Amino acid sequence: MSSLTEAWSEPHNVSFRDREASFQVRTGGPRTGLVGRVVDPAGRAVEGARGELLPTVDKGIESVAPNVSSFELGFERLSGPDGRFEFLAVTGGIWRLIVSADGYSRREQPVELETEGQEIEVALEEPRVLAGRVRDARGRGVPDARVWIPDYMNVDRILHETRTDDDGLYELVG
């Protein structure tokens, strides 16, 4: 289905009743790629880090499936034992690279893809902690309150979420 000179999304599978279908989305433009390595603050490889490559708002993605947002058309990879990941057959231009791993702060940065096989190193940082207390109008802690941080680029996507304890205390790590 995909051409060797154009970039396409990864296959999306859809089922309806007893039928299944697979489709790809042509993202337009020349094909390029990104090869990266995820490291910890000491420069050691981080295995199992989740890398997401998301289109920017002005990417102009041409969808063959209606009602699919550009945020659903990104690419996702896990880093291997050597910390390496690859995104191949991606359209050139500016993308959002988001890298996260347990025990580290989430890292997000713009990446401009111009040539096939561009390389990047992503250094993760020690996690940050946001802690507090949810109180009612009388100053009492509110138990089981939902506390969350949305993605500033896509408010429907939750980056971190937790619930308060019996005293209204919460802690978000990331």
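**Pockets, sheet and core of a predicted model**

Modeller: The largest pocket has a volume of about 230 Å³, where a pocket is an open set of points on a 1 Å grid over the protein atoms alone, with room for a 1.4 Å probe and protein on both sides within 12 Å along at least five of seven lines, and a volume is the space filled by probe spheres set on the points, joined across faces, edges and corners. This is a predicted model, in which local features need pLDDT of at least 70 and side-chain atom pairs count only at pLDDT 80 or more, while totals for chains, interfaces and linings use all residues. Residues are numbered from 1 along each chain as its sequence is written, and side-chain values use heavy atoms, with hydrogens and water left out.

Biologist: Which residues lie nearest the centre of the largest pocket?

Modeller: Of the 16 residues that line the largest pocket, Ser100, Ala101, Arg106, Leu159 and His160 lie nearest its centre, lining residues being those with an atom within 4 Å of a point.

Biologist: And which strand gives the largest share of that lining?

Modeller: Strand E13 does, with 4 residues, strands being DSSP runs of E, at least two residues long, numbered from the N terminus.

Biologist: Changing topic, what is the order of the strands in the open sheet?

Modeller: The order is E6-E5-E8-E9, with antiparallel pairing, and two strands pair if DSSP finds at least two bridges between them. Strand E6 (75-78) and strand E9 (107-113) each have a single partner strand, so one side of each is left without a neighbour in the sheet.

Biologist: How many bridges join E5 to E8?

Modeller: There are 6 bridges between strand E5 (residues 50-55) and strand E8 (residues 93-100), and Glu52 stands opposite Ile98 in E8.
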